[in-house]
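Open the structure in your viewer and keep the selection tool ready. This tour goes stop by stop, saying what to select and what is there.

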Amino acid sequence: HQARLTAMTSQYRVNYHLRAHKRDSFIEFIKGLLLTPFVLHSLPQPTDEEDDQLSGTIIDPACAKQANAARFREIFASIEALVEEHRHFEATGIPTHSRLAKIVPNIGSFFTPLPLAQAFTRIDSKNRISARKHVPPSFNDVRRILNMAQLMAIAPRLRLVTFDGDMTLYDDGQNFEADSDLTRLLVSLLQRGIAVAIVTAAGYGTDAPKYEARLSGLLHGFAEAQLDAKAVGRFYVLGGECNFLFGCTSQYRLTSLHNEEPNVSELHMWTDLQAMQLLDVAEHELRDCIERMAIDARVIRKPRAVGMVPQTQLTREQLDECALSAQVAVLRFQGTPRAQPGDAPIPFCAFNGGSDCWVDIGNKLIGVRIIQELVASPEDATLHVGDQFLSTGNDISTRSACCTCWIINPLETRDMLTDLVSLLPSE
């Protein structure tokens, strides 16, 4: 029995570490809290009269739903208090002393309070989480509740919204379509005086027409809405994570702002030679992944990035392996094997792009900070929206610069923006 227990424990450890890059510790913590009342109280209805007599009780579905909702709401209110306590400890310079930090050691910063109990009530009224008897609150349920809480908190002070591109505003590898429902919502933000920026990994240097082709539907929507120069002047595109900055003219064309780029210190910490050496290491590791996993893929080298583009569809695990392998190799090359990519001497981003894998010089943390400086938007008035918030994604670094919303596709972005616009103060 002891040998079996040891084997099981070892296997658990292996599985846990192998799956750690697929988890969000805070969401997993919340899921665990919600599971207890679900297991204890969300009892299935008796299937027939005999089962009903054996149970000795008749369960009123409406009463059961209300009781479940009250229990879940109480849990979210408690988590809300933990978040506020963590914010207090962070403000005093000792965030690791909070109860939340002791439970979730890798918890980050919260730039606003999170009204989680209210957010749960709103999401539950739409998705009926508390009415379920067989399916407990899921990762996606908690993710949506966190998103709603963040929207409710930031709406009164919002100055800037930044967006990922692929799988956030448009499907992977596709362009922003002219008939996208998102156009109307983005136009509404700009008309309300809120700056909008697309911070994307797509890197075409300073070639504005290539970015215009990807965003042609949105730019056409600006023209149809007859946005004035002041409104379109609040729209930016930042390509290559943080390397190529563009603004929008009154003729709804993109123009390079390379000479107007803010003096963000992180962008001036490396030379072209250092960047080339780092990309050489990343390219060597990606080619090694291609060989040892027998992947049919081509390697693309750009001035500030290197990528592996498969010729056939790969599994998520294969792409994660490539991203993590490149990440570890570059960190070792920089002499910081235990650091995070954003903390390395030359910040970089190694990420699973969904259908490919890339290593970029810089990251979206720097990208968001560039736009924040341009429009004078503080952390608690900036919102970043993206789909890559796991450790192999390229949106996760933005959590150190601003508030975030984690979506999984453009339809969720549309729903999220619809909620956000409804929460904004009246004009």
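Start at a turn. Select strand 8 and strand 9: together they form a hairpin, with four residues between them. Click G354 in that turn; its phi is positive, about 100°. Bear in mind throughout that this is a predicted model.

**The hairpin strands**

Stay with the hairpin. Strand 8 covers residues 348–352 and strand 9 covers residues 357–361; the two pair in the antiparallel sense over five bridges. Pick A350, then look across to V359, its bridge partner in strand 9.

Is strand 8 mostly covered or mostly open? Mostly covered: five of its five residues are buried. Color its two faces separately. F348, A350 and N352 lie on one side, C349 and F351 on the other, and all are buried.

**Helix 13**

Now select residues 316–333, which make up helix 13. Show the buried residues of helix 13; among them are L319, C322, A323, A326, V330 and L331. The buried set also includes D320, S325 and Q327. What do they pack against? Their partners are helix 12 (272–292), strand 7 (305–310), strand 8 and strand 9. So the hairpin you just left is part of this packing, because the buried residues of helix 13 pack against strand 8 and strand 9.

Check the length next. With 18 residues at 1.5 Å a residue, helix 13 should span 26 Å, and its end C-alpha atoms are indeed 26 Å apart. Step past the end of the helix to G335, where phi is positive, near 75°.

**Cysteines**

Select the cysteine sulfurs. How many disulfides are there? The count is zero. Two examples follow. From the sulfur of C349, the closest cysteine sulfur is in C242, 9.6 Å away, so the gap is too far for a bond. C349 is buried, at 7% relative accessibility. For C403, the closest cysteine sulfur belongs to C402, at 6.6 Å, again too far for a bond. C403 is buried as well, with 3% relative accessibility.

**The nonpolar cores**

Next, select L189, F222, F235 and L383. These have the most contacts inside the largest nonpolar core, which has 45 residues. Helix 8 (residues 182–191) gives this core its largest share, six residues. Zoom in on F222. Leaving out residues up to four places away in sequence, F222 touches V187, L190, L227, V232, F235, C248 and Y252. Then move to a second, separate core of 33 residues; I27, I79, I107 and W406 are included in it. In soluble globular proteins, nonpolar side chains tend to be buried together.

**F163**

Select F163, which sits in strand 1 (residues 160–163). Is F163 buried or exposed? Buried, with a relative accessible area of 0%. Bring up A197 too: it is 34 residues away along the chain, yet the two C-alpha atoms are separated by 6.2 Å. Beyond residues up to four places away in sequence, F163 touches residues including L186, V196, A197, I198, H384, V385, T413 and L417.

**Zoom out**

Finish with the whole protein chain. Cartoon view should bring out 15 helices and eleven strands. Of its 427 residues, 48% count as buried. The chain exposes about 20,600 Å², and carbon and sulfur atoms supply 52% of that area. Of the contacts between residues at least 6 apart in sequence, 68% join residues at least 24 apart.

Technical notes:
Residues are numbered from 1 along each chain as its sequence is written. This is a predicted model: local features need pLDDT of at least 70, side-chain atom pairs count only at pLDDT 80 or more; totals for chains, interfaces and linings use all residues. Side-chain values use heavy atoms; hydrogens and water are left out. Buried means under 20% relative accessible area, exposed over 50%, partly exposed in between (1.4 Å probe, protein chains only). Contact means heavy atoms within 4.5 Å. Accessible areas come from the Shrake-Rupley method with a 1.4 Å probe; for residues, only the protein chains shown count as cover. A disulfide is a pair of cysteine sulfur atoms within 2.5 Å. A nonpolar core is a set of buried Ala, Val, Leu, Ile, Met, Phe, Trp, Tyr and Cys residues joined through side-chain atoms within 4.5 Å. Two strands pair if DSSP finds at least two bridges between them. The expected span of a helix is 1.5 Å times one less than its number of residues.
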